[in-house]
Amino acid sequence: MSIEIKNISKQFGDFKALDNINLEVASGELLALLGPSGCGKTSLLRVIAGLETPDNGQILFHGEDTTDTHVRERQVGFVFQHYALFRHMTVFENVAFGLRVRPKKTRPSDAEIRKKVHRLLELVQLDWLADRFPAQLSGGQRQRIALARALAVEPRVLLLDEPFGALDTKVRKELRRWLRRLHDEIHVTSVFVTHDQEEALEVADRVVVMNKGQIEQIGTPSQVYDTPASPFVYQFLGDINLFHSRVHDGWAEVAGARIAATDSPDAAKATIYVRPHEIDLSRVASEAAIAGKITHVRLLGSTVRLEVDVADHDAVEVELTRERYAEGEWKVGEAVWLNPRDAKVYTGL
Amino acid sequence: MAFKKHSVLPGFNLALGYTLLYLSIIVLLPLSALVLKSTGLTAEAFWHAVSEPRVVASYKVTFGASLIAATINLITGLLISWVLVRYSFPGKRFIDALVDLPFALPTAVAGIALATIYAPNGSIGQWFEPLGIKVAFSPIGIVLALTFITLPFVVRTVQPVLQDLEPELEEAASSLGATRLQIFWKVILPTLLPALLTGFALAFARAIGEYGSVIFIAGNMPYVSEITPLMIISKLEQYDYLGATAIAVVMLVVSFTLLLLINGLQWWSAKRMGRR
């Protein structure tokens, strides 16, 4: 079931939550809406679900206009950040809810409901918890039950609002891999909202990066990471170092080093972004190297993060693998040269 | 002590000790004095005092009217708290404050006011008179007075729970295809049930003990509209202290049993859902 979002706008008072959004979700795709809080990603998801009505625009499910269809008839599965399980029902009854509330004519028999619920609980690998109450489950288990409940009504699309947001890091990682495998198994068109770029890049087929109610970029995880369309996308998808400079003859100068800025107009203000792990350290000066001095060294598990002071600029962060750090025998207070392997130059900001 | 759990807040012994002492002095001591006093009667005399036909009729009136009043407030209390939580309208705060008024008003004032309005020639009572319905000076009047007195209980117990009810629950139910009515019956009402039960129990308990407002509107006809507290007072007026005590003990036992039952029910449901 494909989803088409056409010119959707939504305003809350003076706040423009969604500003003319156009987006297509292909059938069977797992799409991530990624952005900082307040960027409109949750509003967009709720508009798709029918929990929020847009001020303008249309939502089409498989070419059919559903903009004015009530959430009850829209056949969407919605998974909430805080699970929203029914506390007074057992796990079994929670999953069975969507089947039991059907009108008599279309309601399956008790035996069919039982069979279906157990099949779904097996799918989320929690069949053994059928008689428990939500209060007796862990967060990860609750979210899997919430997912089973949403799938019970055989939704045309599955919508997940920060599904792993309330879980701790380890469970979150486990669960998102599990969600990816589950999606490969059942292939229901899914949209999930997250503010965690790692989660979006790992799980989604395509990522939509949003900011201030607008879409900044749509693309596969490698597209958005490798060729960010805007400085916002670049800085949102990972750590960055930022330099301000001006372009001269196709070169931008940063603390004595020259960085290629072809296609940029002369004398334009340039902002240069470099990721910490895309900088090499050297003790030998070269034309493209920036001079600096190591001020801090922090060990972060598999990587080492060094802080380097550069004249006239903010301190630069450099990330090295453990081995590279050991090979170089870098020390605090040492003068070094920074060689950016890859730098993005944005002008006209 | 085995049941003492380690806690960052000190003072478990002090707090528990104070609680027990306080409850003993304020609640347990007077009540046990009451029970003790009733042992001055022989079993036969006790039974005679509490099973007099006129007294038995008063039990029926008191417990019956209290049950009806608490049930009425269970439903209207839910409605009022729903309106106060879910809707916003001008004068909402005023109405919210109005709910507590029955607590503040002297109960006798409430009784007299109600009796005046609902009397056969009163401003509302005159409309019921031609229909052959006598509101004041009949058991209906008792129910009315008790409903007035116990109005705040259900509202004030349900309101905070309703306020904390996550909108996501209703959204989830809606996305699963439930109608508004199904959402109310299957999702909202069961969640509110513990609070509703508490409010009901409080209202019921309060109604059983109510005296001031009822005597003005009840008419106090023997076998018809005499409440048990009135029987106790009239015994006292005849210097039959032991007889009054015996009736009081019966009320105490019945009320306590009912409250225990309701609390037990709540405890059981909370335990079943794994919250205890």
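Is A:Tyr273 buried or exposed? At 7% relative accessibility, A:Tyr273 counts as buried, because the cut-off for buried is under 20%. The model is predicted. The points below cover two sheets of chain A, the aromatic pairs, and a helix contact in chain B.

**Aromatic pairs and charges over rings**

- Over all chains, the structure holds 11 aromatic pairs.
- One of them joins A:Phe86 and A:Phe97. This pair is tilted, with 4.7 Å centre to centre and 50° between the planes.
- A:Phe86 sits in the loop between strand 6 and helix 2 (91-100) of chain A, and A:Phe97 sits in helix 2 of chain A. They are 11 residues apart, and the pair links distant parts of the chain.
- A:Phe86 is buried at 1% relative accessibility. A:Phe97 is buried too, at 3%.
- A:Tyr234 and A:Tyr273 form another tilted pair. Their rings are 5.4 Å apart centre to centre, with 55° between the planes.
- A:Tyr234 belongs to helix 8 (residues 231-236) of chain A, and A:Tyr273 to strand 14 (residues 269-274) of chain A. The separation along the chain is 39 residues.
- A:Tyr234 has 3% relative accessibility and counts as buried.
- Ring pairs join A:Tyr234, A:Tyr273 and A:Tyr346 into a cluster.
- A:Arg275 lies over the face of A:Tyr234, at 4.1 Å from the ring centre. A:Arg275 also lies over the face of A:Tyr225, at 4.8 Å from the ring centre.

**Five-stranded sheet, chain A**

- This open sheet has 5 strands in the order 13-12-11-14-20, with antiparallel pairing.
- Strand 13 (257-260) and strand 20 (344-347) of chain A stand at the edges. Each has a single partner strand, so one side of each lacks a neighbour in the sheet.
- Neighbouring strands are turned by 35° against each other on average, direction ignored.
- Strand 11 (residues 241-248) and strand 12 (residues 251-254) of chain A pair in the antiparallel sense over 2 bridges. A:Val247 stands opposite A:Ala252 in strand 12 of chain A.

**Six-stranded sheet, chain A**

- The second open sheet has 6 strands in the order 6-7-8-3-9-10, with mixed pairing.
- Its edges are strand 6 (76-79) and strand 10 (214-219) of chain A. One side of each is left without a neighbour in the sheet, because each has a single partner strand.
- The average turn between neighbouring strands of this sheet is 15°, direction ignored.
- Strand 3 (residues 30-34) and strand 9 (residues 206-211) of chain A run parallel and are joined by 4 bridges. A:Leu34 stands opposite A:Val209 in strand 9 of chain A.
- Helix 4 (residues 139-152) of chain A lies across strand 6 and strand 7 (157-161) of chain A. The helix runs at about 170° to strand 6 of chain A.

**Helix 3 of chain B**

- Helix 3 (residues 53-86) and helix 13 (residues 228-237) of chain B pack at an angle of about 145°, with their axes 8 Å apart.
- Helix 3 of chain B contributes B:Arg54, B:Val55, B:Ser58, B:Tyr59 and B:Thr62 to the contact. Helix 13 of chain B contributes B:Thr228, B:Pro229 and B:Met231.
- By class, this contact has 4 nonpolar, 3 polar and 1 charged residues.
- B:Ser66 is also placed in helix 3 of chain B. B:Ser66 is buried, with a relative accessible area of 0%.
- Not counting residues up to four places away in sequence, B:Ser66 touches B:Val61, B:Leu146, B:Phe204, B:Ala207 and B:Ile208.

Technical notes. Residues are numbered from 1 along each chain as its sequence is written. Chains are lettered from A and ligands numbered from 1 in the order in which they are written. This is a predicted model: local features need pLDDT of at least 70, side-chain atom pairs count only at pLDDT 80 or more; totals for chains, interfaces and linings use all residues. Side-chain values use heavy atoms; hydrogens and water are left out. Axes are lines fitted to C-alpha atoms, for helices over the stretch in contact, and angles run from 0 to 180 degrees between N-to-C directions. Contact means heavy atoms within 4.5 Å. Ala, Val, Leu, Ile, Met, Phe, Trp, Tyr, Cys and Pro count as nonpolar, Asp, Glu, Lys and Arg as charged, and the others, Gly among them, as polar. Buried means under 20% relative accessible area, exposed over 50%, partly exposed in between (1.4 Å probe, protein chains only). Two strands pair if DSSP finds at least two bridges between them. Rings of Phe, Tyr and Trp (its six-membered ring) pair if their centres lie within 6.5 Å; planes under 30 degrees apart count as stacked, over 60 as edge-to-face and the rest as tilted. A charge sits over a ring if NZ of Lys or CZ of Arg is within 6 Å of the ring centre and within 35 degrees of the ring normal.
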